[in-house]
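I open this notebook to keep track of what I look up in one structure. Each entry takes up one topic.

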Amino acid sequence: MPAKIAVFVDVQNIYYTTRDSYQKQFNYRKFWQHLSAQGDILIANAYATERHDTQQQKFQSALKHIGFTVKLKPFIQRSDGSAKGDWDVGITIDVLDAAPHVDTVVLLSGDGDFDLLLKAAKDKYEVSTKVYGVPALTANSLMNACDEFIEITPSLLQ
């Protein structure tokens with residue numbers, strides 16, 4: 001029986017870490033093919049900020065075409081120039097909702113804030129946890145919290 005997989009993508013984090021480390025973009029189609037070979041993807045959520053920009057909308061359409069559910073949050077530009085578009089709480093809720101129904105939780109992010117989430121999902125629901133990230137830009141606490149850390153290598157880039 002194939003493994004039941006839920007995947008959660010912190011789109012902004014993956015965009016910036018792959019761009020900063022490799023000067024390339026993450027290839028979601030190749031990733032989907034790679035993950036599909038490991039089991040059945042039951043849940044696939046990609047979390048992004050809504051910027052009402054044509055290029056972003058094309059990207060989001062491509063994600064939907066691949067099979068992702070795209071969840072959008074408004075991009076907020078503060079008066080001091082800083083920005084906010086954080087999905088940490090939404091990702092956490094969705095992971096904990098999905099964990100009882102799957103064998104494996106896959107997280108694409110380097111954000112160390114998710115270490116407690118992965119530990120909780122493993123402890124409470126006995127799921128396997130995998131993190132895909134850029135090693136130099138992934139928190140050690142996150143790498144240590146998951147069952148398996150998979151480095152985003154050029155084979156997963158475009």
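Which residue forms a salt bridge with Lys122? I looked it up and found Asp147, with the closest N and O atoms 3.4 Å apart. I note at the start that the model is predicted.

**Entry: the salt bridges**

I placed both partners of that salt bridge in the chain. Asp147 sits in the loop between helix 6 (140-145) and strand 8, while Lys122 belongs to helix 5 (residues 115-125), and the two are 25 residues apart. I then checked how open they are. Asp147 has a relative accessible area of 45% and is partly exposed. Lys122, at 23%, is partly exposed too, because the buried class ends at 20%.

I counted the salt bridges of the structure and got four. One of them joins the side chains of Asp94 and Lys71, at 2.8 Å from N to O. This pair links distant parts of the chain, with Asp94 in helix 4 (residues 88-98), Lys71 in strand 3, and their positions 23 residues apart. Lys71 is partly exposed at a relative accessible area of 27%.

I also looked up Lys130. Its salt bridge partner is Glu148, and the closest N and O atoms are 3.8 Å apart. Lys130 lies in strand 7 and Glu148 in strand 8, 18 residues apart. Lys130 has a relative accessible area of 15%, so it counts as buried, the limit being 20%. Glu148 reaches 38% and counts as partly exposed.

**Entry: Asp94**

I went back to Asp94 in helix 4. Is Asp94 buried or exposed? Its relative accessibility is 15%, and it therefore counts as buried, under the 20% limit. I listed its contacts, leaving aside neighbours within four places in sequence: they are Phe8, Asn45, Tyr47 and Lys71. Lys71 in this list is also its salt bridge partner.

**Entry: the sheet**

I traced the strands next. Six strands make an open sheet in the order 3-2-1-6-7-8, and their pairing is parallel. At the edges I found strand 3 (69-74) and strand 8 (148-151), each of which pairs on one side only. On average, neighbouring strands are turned by 20° against each other, direction ignored.

I followed strand 6 (residues 104-108) to its neighbour strand 1 (residues 3-10): the two run parallel and are joined by five bridges. In this pairing, Ile5 has Thr104 as its bridge partner, and Phe8 stands opposite Leu107. Strand 6 also pairs with strand 7 in the parallel sense, again over five bridges. There, Leu108 stands opposite Tyr132.

How many residues of strand 6 are buried? I counted five of its five. Thr104, Val106 and Leu108 are buried on one side, and Val105 and Leu107 on the other, so both faces of the strand are covered, each of these residues being under 20%.

I noted one helix against the sheet. Helix 2 (residues 28-36) lies across strand 1, strand 2 (39-50), strand 6 and strand 7 (128-133), and it runs at about 155° to strand 2.

**Entry: the aromatic rings**

I turned to the aromatic residues and counted eight aromatic pairs. In one of them, the ring centres of Phe26 and Tyr28 are 4.8 Å apart and the planes stand at 75°, so I recorded the pair as edge-to-face. Both Phe26 and Tyr28 are buried. I found these two in one aromatic cluster together with Phe31, Trp32, Phe59, Phe68 and Tyr132. Tyr132 is also the residue opposite Leu108 in the sheet.

I recorded one charge over a ring as well. Lys73 lies over the face of Trp87, 4.9 Å from the ring centre.

**Entry: Leu63**

My last look-up was Leu63, in helix 3 (residues 54-66). Leu63 is buried, with a relative accessible area of 2%. Not counting residues up to four places away in sequence, Leu63 touches Tyr28, Ala46, Phe68 and Val70. Among these, Tyr28 and Phe68 belong to the aromatic cluster. I also took one distance: the C-alpha atoms of Leu63 and Leu118 are separated by 24 Å, with the two residues 55 apart along the chain.

How values were computed. Residues are numbered from 1 along each chain as its sequence is written. This is a predicted model: local features need pLDDT of at least 70, side-chain atom pairs count only at pLDDT 80 or more; totals for chains, interfaces and linings use all residues. Side-chain values use heavy atoms; hydrogens and water are left out. Two strands pair if DSSP finds at least two bridges between them. Helices (H or I, at least four residues) and strands (E, at least two) are DSSP runs, numbered from the N terminus. Axes are lines fitted to C-alpha atoms, for helices over the stretch in contact, and angles run from 0 to 180 degrees between N-to-C directions. Contact means heavy atoms within 4.5 Å. Buried means under 20% relative accessible area, exposed over 50%, partly exposed in between (1.4 Å probe, protein chains only). Rings of Phe, Tyr and Trp (its six-membered ring) pair if their centres lie within 6.5 Å; planes under 30 degrees apart count as stacked, over 60 as edge-to-face and the rest as tilted. A charge sits over a ring if NZ of Lys or CZ of Arg is within 6 Å of the ring centre and within 35 degrees of the ring normal.
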